[in-house]
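Please look over the sequence and the structure below before reading on. This briefing then takes up a few features in turn, grouped by topic.

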There are 2 protein chains.
Amino acid sequence: MAAGLYIGIDIGGSGIDAGLCGADGALIARRRMPVVRDMERGDMLRKMRSLLRSLISIAGIPPDGVSGIGVGVPGAVDGKRGEILYTANLPLSGLNIADELRSDFPAPVYLENDANCAALGEKLAPGRESVGNMVFITVGTGIGGGMIVDGKIYRGFNAAAGEVGHMVIVRGGRKCACGRRGCWERYASASALAEDAAKLASGAGGAAIRRLCGGDLARVSAKMPFEAAGQGDAASQRLVRAYISRLAAGVTNLVNILEPELVCIGGGISREPDERLLNPLREIVYRETYPHGRARARLEKAYFAENSGIIGAAALCAL
Amino acid sequence: MAAGLYIGIDIGGSGIDAGLCGADGALIARRRMPVVRDMERGDMLRKMRSLLRSLISIAGIPPDGVSGIGVGVPGAVDGKRGEILYTANLPLSGLNIADELRSDFPAPVYLENDANCAALGEKLAPGRESVGNMVFITVGTGIGGGMIVDGKIYRGFNAAAGEVGHMVIVRGGRKCACGRRGCWERYASASALAEDAAKLASGAGGAAIRRLCGGDLARVSAKMPFEAAGQGDAASQRLVRAYISRLAAGVTNLVNILEPELVCIGGGISREPDERLLNPLREIVYRETYPHGRARARLEKAYFAENSGIIGAAALCAL
């Protein structure tokens, strides 16, 4: 990045995160505001502005001390016009966010899809300087994807590429909100795992998970089967193995199609210890990648964890 | 392409096609040699050289009148070194084909994967000048893929991208030679359709296909169910519908992941009339693409039909 201070904003369905980054991409300060259900657009924008003001006041810089603002949005954007084309769960579709921020901050505003931002952020991690082609996968409520091709964000024809979660891996399988059946995210998202774990907990073999959720099946999270598996619960171990094999199916598909140098996995799931997640995942993906014996895609977790999106959004300013 | 005459060679498992192309990419002359089972490398190279000599003699030009030779290979290549890294069914792995041709032709030799060549060739078709991102799919014995990103061939990290046929769409499904189960090409290749049609022909509802193959089930081809469906045979119509829906599953996956501007479908199947193949295929892909309502990928058949690979190989010389 060029010299200066940059703000990266990562807009999500449950919160908006903003970070101040230095010229080298390092995160200097970070603030978060929660997004509540049915929040109105005006309210959200007011709170976002005050979030940004508080962020720069931490660093003791004036609004015109910011050299650029990058914004990651869960949806499609028109980066050139600074407009959010659509977002699924936020009242921001059709908003020109560049115009909205201009009154407070004179710096140029850059807009990008959130998974693309995270991919860009992760490319800045140590050891990835030379990576030209990579796929970033974020495993959460759904499965999102961001792609880097030749060192640059790959957006597709209409800025909606990377919907990797809506790749069917089980034809005729579980119904997805997108209208298809058998989408990858219905089997390998954190939500899908939590759903499967709750189902396990409701049956005879589910004692360990029932204990972890205190008997409240609505509280079962994707972490619980991993935790129970780590404690030696055989049913949870089977569930986790099945889950990883489903995750691997989609990753292998992407590797066979795109042959990236790096597949980077983010989202809460990626914080599981390597011996529970990344190592068994690698084993399946490496075994199933075609053709066998060729140089293999690196499979790594998100280095910046929950900050990939902020760092990548700030990095937009330097592109 | 720059001024001059170029040779494009398309190496396939059953034959080697060579064409002489003009500076505008137009095919001037074309020759084919069959590749027989267990053909030896030396024999194949001798025949390929004589194929090229006969090709230029048609046009009445000397070997040094050729400005460049492009070669498409079904496998992975090292384009810089002119070496074929591997091919599945041909005795050419490890061959430096640039060295082999140099003694007869002084022109520079360019090497590329065959599906990438076909993609490049199809991009030269009328109406596609401005297409930046496209996916070419060749539906034959298997399903191969070639990708164009930002107007250039996308090769992946180790020149093996585009193995779209080995994308699992039916987890735990039909066994594939690649080691996985449920690969797209086991459901949507021409071979898979022929297999399914032969199965249909062996049962009670298979009279129409049995008639077309003269009772010899080993002769059932992918064309027959289309032909019988066109003649009104209900069982064949069901089979063709199921086939198109499987083909659409993989195409939709690719559109969701890559959002190309154009998906181009080649191989024998693509020569079926639009009302039997492309129109119903479009209907499913457009309905299932996520998110709905965005600009849609064009879905077209290969314009140059069996010549896409030759034309694209010749076009390598001008890149």
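Why can helix 3 (residues 114-123) of chain A be described as largely enclosed by the rest of the structure? In this predicted model, 10 of the 10 residues of that helix are buried, so helix 3 of chain A is largely enclosed by the rest of the structure. The points below set this helix beside the chain that holds it, the contact between chains A and B, and a sheet in chain B.

**Helix 3 and the whole of chain A**

- The buried residues of helix 3 of chain A begin with A:Asp114, A:Ala115, A:Asn116, A:Cys117 and A:Ala118, and the list continues with A:Ala119, A:Leu120, A:Gly121, A:Glu122 and A:Lys123.
- Chain A contains 10 helices and 12 strands; its radius of gyration is 20 Å, close to the 20 Å that the globule rule gives for 319 residues, so chain A is as compact as a globular protein of that length.
- Taken along the principal axes, the box filled by the C-alpha atoms of chain A is roughly 60 × 45 × 35 Å, and buried residues account for 52% of the 319 residues in this chain.
- If one considers the contacts in chain A between residues at least 6 apart in sequence, 61% of them join residues that are at least 24 apart.

**How chains A and B meet**

- Between the two chains, 34 residues of chain A are in contact with 33 residues of chain B, and helix 8 (residues 234-258) of chain A gives the most to the side of chain A that touches chain B, with five residues.
- Sorted by class, that side of chain A has 20 nonpolar, seven polar and seven charged residues.
- Because 97% of the interface residues of chain A are also interface residues in chain B, the copies meet through the same surface.
- In general, two copies of a chain are related by a rotation about an axis and a shift along it.
- Here, a turn of 180 degrees and a shift of 0.0 Å along the axis lay chain A on chain B with an RMSD of 0.0 Å, and the two copies are therefore related as by a two-fold rotation axis.

**A five-stranded sheet in chain B**

- Chain B has an open sheet of five strands in the order 10-9-8-11-12, with mixed pairing; its edge strands are strand 10 (152-154) and strand 12, each of which pairs on one side only, and the twist averages 25 degrees from one strand to the next.
- Strands of a sheet pair through backbone hydrogen bonds, either parallel or antiparallel.
- Strand 9 (residues 143-149) and strand 10 of chain B run antiparallel and are joined by three bridges, with B:Tyr154 in strand 10 as the bridge partner of B:Met147.
- Strand 11 of chain B pairs in the parallel sense with strand 8 (residues 134-139) over five bridges, and B:Val135 stands opposite B:Val263 in strand 11.
- Strand 11 of chain B also pairs in the parallel sense with strand 12 (residues 298-301), over four bridges, where B:Val263 stands opposite B:Leu299.

**The covering of strand 11**

- In strand 11 (residues 262-266) of chain B, five of the five residues are buried, and the strand is mostly covered.
- In a regular strand the side chains alternate between the two faces of the sheet.
- Both faces of strand 11 of chain B are covered, since B:Leu262, B:Cys264 and B:Gly266 on one side are buried, as are B:Val263 and B:Ile265 on the other.

Terms used
Residues are numbered from 1 along each chain as its sequence is written. Chains are lettered from A and ligands numbered from 1 in the order in which they are written. This is a predicted model: local features need pLDDT of at least 70, side-chain atom pairs count only at pLDDT 80 or more; totals for chains, interfaces and linings use all residues. A residue is buried if 20 or more other C-beta atoms lie within 10 Å of its own, exposed if 12 or fewer, and partly exposed in between; C-beta atoms are placed from the backbone. Helices (H or I, at least four residues) and strands (E, at least two) are DSSP runs, numbered from the N terminus. Two strands pair if DSSP finds at least two bridges between them. The radius of gyration is taken over C-alpha atoms; the globule rule is 2.2 Å times the number of residues to the power 0.38. Two residues are in contact if their C-beta atoms, placed from the backbone, lie within 7 Å. Ala, Val, Leu, Ile, Met, Phe, Trp, Tyr, Cys and Pro count as nonpolar, Asp, Glu, Lys and Arg as charged, and the others, Gly among them, as polar. Axes are lines fitted to C-alpha atoms, for helices over the stretch in contact, and angles run from 0 to 180 degrees between N-to-C directions. Copies are superposed by least squares on the C-alpha atoms of residues with pLDDT of at least 70 in both.
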